Amino acid sequence: MAEDSVGTDGRADAGGVPAPPCGGEPEASDSLRTFGAVVQALREHAGLSREEFAGLVRFSKHTVASIEQGRRMPDPSFVERAEGALGNTGALRKAAKHLSRQPGLASWFRQWARLEAVAIALYTYECRLIPGLLQTEAYARTLFVEQLPPLDDEQVEAQWVARAERQRLLSERPNTAFSFILEEQLFLRRTGGVEVTRGLIDHVLEVAERRNIEVQVMPLVRERHAGLDGPMQLLETPENQWFAYNEGQRGGLFITDPKEVSVLQRRYARMRSQALTLENSLSLLQRMRGDL
């Protein structure tokens, strides 16, 4: 299962940060709940409503709520701004050092997810399944139910909660440039059935209407293709640093080497020219929906 799901065997490449071992399913995180409770207590002690506090730390009220409820890993900028807004006691900085990963996120995805939350650009090429950020609940639950080793109902629910939380990136970061290149076959496969696929296409078409989100389809017939080595993700930080992330069956590679990242950037740029244009991509999806 890709992205925010299972663990890994700890593999890494020459230009990557080794992925820490993880024994399968994600563990619960009492540290996140404790950190969130401390934030809420300090905020209330300061006499600030959640909305007022959100304005001070420059995060949405929904994000603040997710952090206070222990459902979201705070990024470093949140911790620093919260400290300033709540008296600079140092309590949050110290507590943040002991945070474990977000429930539902595999350990090897944690470092990438924290950067993803503040990225100013996020590019995704996928040839195996619809990326997590674009999945509907019905599509995602199909993937979770079919996962091996099998998950119980509670684990499936935890997976979906984590994925739905992560999808807030699309609505909460309107200044982030999102680009998706998706293989046509991902829709032709009809994962979950016709109704699930129809709902998925409707959702992708709706998301693609936002001015900061671009969706391109790589056609089924393409004589030249720069992405045949597999899926990739690229992001740019507010400091204009670029990182990459690749996934396999049981592990992920977080790539920091600028030379390696540059290779993937060039491949992604080439794929953008090889995929259908934005307009033609959306037209194809609309036709595919009509053919279901």
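The following exchange examines how several descriptions of this predicted model are justified.

User: What makes strand β2 count as mostly covered?

Analyst: A residue is called buried when its relative accessible area is under 20%. In β2, residues 121–126, 6 of 6 residues are buried, and the strand is therefore described as mostly covered. Ala121, Tyr123 and Tyr125 point one way from β2, while Leu122, Thr124 and Glu126 point the other way, and all of these are buried.

User: How do you know that β2 pairs with β3, and in which sense?

Analyst: Pairing requires at least two bridges between the strands. β2 and β3 (residues 177–183) share 6 bridges, so the two strands are paired, and the sense is parallel. Tyrosine 125 has isoleucine 181 as its bridge partner in β3, and glutamate 126 has leucine 182.

User: Which other strand pairs with β2, and how many bridges support this?

Analyst: Strand β5, residues 232–236, is joined to β2 by 5 bridges. The criterion is at least two bridges, so this also counts as pairing. β2 and β5 run antiparallel, and tyrosine 125 stands opposite methionine 232 in β5.

User: What is said of the cover of β3, and with which strand does β3 pair over 6 bridges besides β2?

Analyst: β3 is mostly covered, with 6 of its 7 residues buried. Its parallel pairing with β4 (residues 213–218) rests on 6 bridges. Leucine 182 has valine 217 as its bridge partner in β4, and leucine 182 is also the β3 partner of glutamate 126 in β2.

User: Why is helix α3 called largely enclosed?

Analyst: Of the 8 residues of α3 (residues 61–68), 6 are buried, so the rest of the structure largely encloses this helix. The buried residues are Thr63, Val64, Ala65, Ser66, Ile67 and Glu68. Their cover includes α1 (30–45), α2 (50–57), α4 (76–85), α8 (153–166) and α9 (168–172). Glycine 70, with a positive phi near 75 degrees, follows α3.

User: How do α2 and α4, which both help to cover α3, pack against each other?

Analyst: The axes of α2 and α4 lie 9 Å apart at an angle of about 115 degrees, and the crossing is right-handed. Phe53, Leu56 and Val57 of α2 make the contact with Phe78, Arg81, Ala82 and Ala85 of α4.

User: What makes a group of residues a nonpolar core, and which members of the largest one touch the most others?

Analyst: The term requires buried residues of the nonpolar kinds, joined through side-chain atoms within 4.5 Å. The largest such core has 37 residues, of which Phe180 and Phe187 touch the most other members. Helix α11 (residues 194–207) supplies the largest share, 6 residues. Apart from this core lies another, of 17 residues, among them Val39, Leu48, Ile67 and Met73. In soluble globular proteins, nonpolar side chains tend to be buried together.

User: Which residues does phenylalanine 187 touch, leaving aside those up to four places away in sequence?

Analyst: Phenylalanine 187 touches Ile130, Leu182, Thr197, Leu200, Ile201, Val204, Leu285 and Met288.

User: What share of the protein as a whole counts as buried, and what share of its contacts join residues at least 24 apart?

Analyst: Of the 292 residues, 50% count as buried. Among contacts between residues at least 6 apart in sequence, 74% join residues at least 24 apart. The protein has 13 helices and 7 strands. It exposes about 13,900 Å², of which carbon and sulfur atoms supply 50%.

Conventions
Residues numbered from 1 in each chain as written. Predicted model: local features only at pLDDT ≥ 70, side-chain atom pairs only at ≥ 80, totals over all residues. Heavy atoms only, no water. Buried < 20%, exposed > 50% of the residue type's maximum accessible area, 1.4 Å probe, protein only. Helix = DSSP H or I, 4+ residues; strand = E, 2+ residues; numbered from the N terminus. Contact = heavy atoms within 4.5 Å. Areas by Shrake-Rupley, 256 points an atom, 1.4 Å probe, with all protein chains shown as cover. Axes fitted to C-alpha atoms, helices over the stretch in contact; angles between N-to-C directions. Left-handed = near helix turned anticlockwise from the far one by under 90°.
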